[in-house]
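Visitor: I have a little time to go through this one with you. Could we take it a strand and a ring at a time?
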Amino acid sequence: MRNIVTQALWGVIACTVLCTASAAQAQTPAPTFPTRPVHITTPFSAGAVPEVMLRAVADRLQRKWGQPVIIDNRPGGHGFIAISAFKRGAPDGHDLIQLDSLHLTGYQHMFRKLPYDPAKDFEPLAPLMRTSFFVLTSSNGKYKSLGDILAAARAKPGQLNYGSWGVGNPVHLGTAVLTTLTNTDMQHVVYKDANVLYTDVSTGQVDFALGTLAAVRAFSGRLVPLAVAASQRHADAPSVPTVAEAGGPAGYEASGWLLLAAPKGVSPAVAAQIRRDVQEALAHPDVTAIFASAGYEPFTLTPAALRAYMAAETARYAELIGKTKIEMD
């Protein structure tokens, strides 16, 4: 009888210990994020407008998280250098990447082979910023309207030129689509540096280029916007007509946007926190002021809306690239 009682007593004690331990474990909060410095890889060089705006967001995140947020600049190679470095990181949210939207929605239609899988290598977390492009030309040049440029292009096929900072970027694609829609033949001049590009546009060595308000402000008095490639006029340049209003094709739009992504496999809880904190940073007056000065605007979408937006962009680029026949190795 004593053995039975003793066994029963030990059973109660064991149950009490285990239950207490389980309760304590259940009440212990999950580790907070981040627990160490966060690295954000960017394909943009230091001082480039998207990189400067990323640093503004990173500064707010650093204050929020109490951990360093380190920007790792890896420019070149269509962003593939940055992506290769990012893919070596851990999928726990401490390694993130800033991407141009084309990396996930357009390049798969241009490149025969990509060094990454847009669907399998990234978890899109949050859009960061977007901007509409303007048709820019020299303020001292002979073109006073978009109509002038299109008329000259039709009169002299293959003689007018436009520039961009590489092949397959949003500015190149946007202009190539414009030439397709207007049945004009213009030469693409490729630059490695945006500042050199807009310098040459401002001096008339290049007839025109698409660009943001940041370029107009950086070359104050030397570049003039002839039209904005959007469905409505820009709030910060209300006197500039849309492309359609300026005699261009109706419905033509050209814009750029960027997003923040994590490696595929990041936990839903960490992904949700990063989204919330990024949206909070984008709403901060210091950040919105920096964005506005560069002609960009903060861009926020819910996860479902972001997925839908990216799907629509992917379909749009498939159509546009099919029309322009742009292919890259």
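**Strands, helices and rings**

Guide: We can begin in the sheet, where T137 has V224 of β9 as its bridge partner; please keep in mind throughout that this is a predicted model.

Visitor: How many bridges join β5 to β9, and which way do they run?

Guide: Five bridges join β5, which covers residues 134–138, to β9, and the two strands run antiparallel. Another of these partnerships in β9 is that of F134 with V228.

Visitor: And what about β5 and β8, how many bridges there?

Guide: Three bridges join β5 to β8, again with the strands running antiparallel, and on that side F134 stands opposite G211.

Visitor: So what's the strand order in the sheet?

Guide: The order is β8-β5-β9, three strands in an open sheet with antiparallel pairing. Since β8 (209–211) and β9 (223–228) each have a single partner strand, they stand at the edges, and one side of each is therefore left without a neighbour in the sheet. From one strand to the next, the twist averages 45°.

Visitor: Is β5 enclosed or open to the outside?

Guide: Five of the five residues of β5 are buried, so the strand is largely enclosed by the rest of the structure. F134, which is found in β5, is buried with a relative accessible area of 0%.

Visitor: What does F134 touch?

Guide: Leaving aside residues up to four places away in sequence, F134 touches a list of residues that includes A209, L210, G211, P225, A227 and V228, and also H234, A237 and V240. For a sense of distance across the model, the C-alpha atoms of F134 and D59 are separated by 29 Å, with their positions 75 residues apart along the chain.

Visitor: Switching to helices: how do α2 and α11 pack?

Guide: Helix α2 and helix α11 (residues 285–293) pack at an angle of about 180°, with their axes 10 Å apart, and they are therefore roughly antiparallel to each other.

Visitor: Which residues meet there?

Guide: From α2 the residues are M53, A56, V57 and R60, and they meet D286, V287, I290 and F291 in α11.

Visitor: Now the rings. How many aromatic pairs are there?

Guide: The structure holds eleven aromatic pairs. One of them is F33 with W65, whose ring centres are 5.4 Å apart and whose planes stand at 75°, so the pair is edge-to-face.

Visitor: Where do F33 and W65 lie?

Guide: F33 lies in the loop between α1 (2–27) and β1 (38–42), whereas W65 belongs to helix α2 (residues 49–65), so this pair ties together parts that are 32 residues apart in sequence. Both F33 and W65 are buried.

Visitor: What about Y116 and F122, how are their rings arranged?

Guide: The ring centres of Y116 and F122 are 5.6 Å apart and their planes are at 80°, so this pair is edge-to-face as well. Y116 is buried, with a relative accessible area of 6%, and F122 is buried too, at 1%.

Visitor: Which residues make up the cluster they sit in?

Guide: Ring pairs link Y116 and F122 with F80, F86, Y107 and F111 into a cluster.

Visitor: One last thing, where does R316 lie relative to Y317?

Guide: R316 lies over the face of Y317, at 4.8 Å from the ring centre.

Methods. Residues numbered from 1 in each chain as written. Predicted model: local features only at pLDDT ≥ 70, side-chain atom pairs only at ≥ 80, totals over all residues. Heavy atoms only, no water. Phe/Tyr/Trp six-rings, centres within 6.5 Å; stacked < 30°, edge-to-face > 60°. Helix = DSSP H or I, 4+ residues; strand = E, 2+ residues; numbered from the N terminus. Buried < 20%, exposed > 50% of the residue type's maximum accessible area, 1.4 Å probe, protein only. Lys NZ or Arg CZ within 6 Å of the ring centre and 35° of its normal. Pairing = 2+ DSSP bridges. Axes fitted to C-alpha atoms, helices over the stretch in contact; angles between N-to-C directions. Parallel < 35°, antiparallel > 145°, perpendicular 65-115°, else oblique. Contact = heavy atoms within 4.5 Å.
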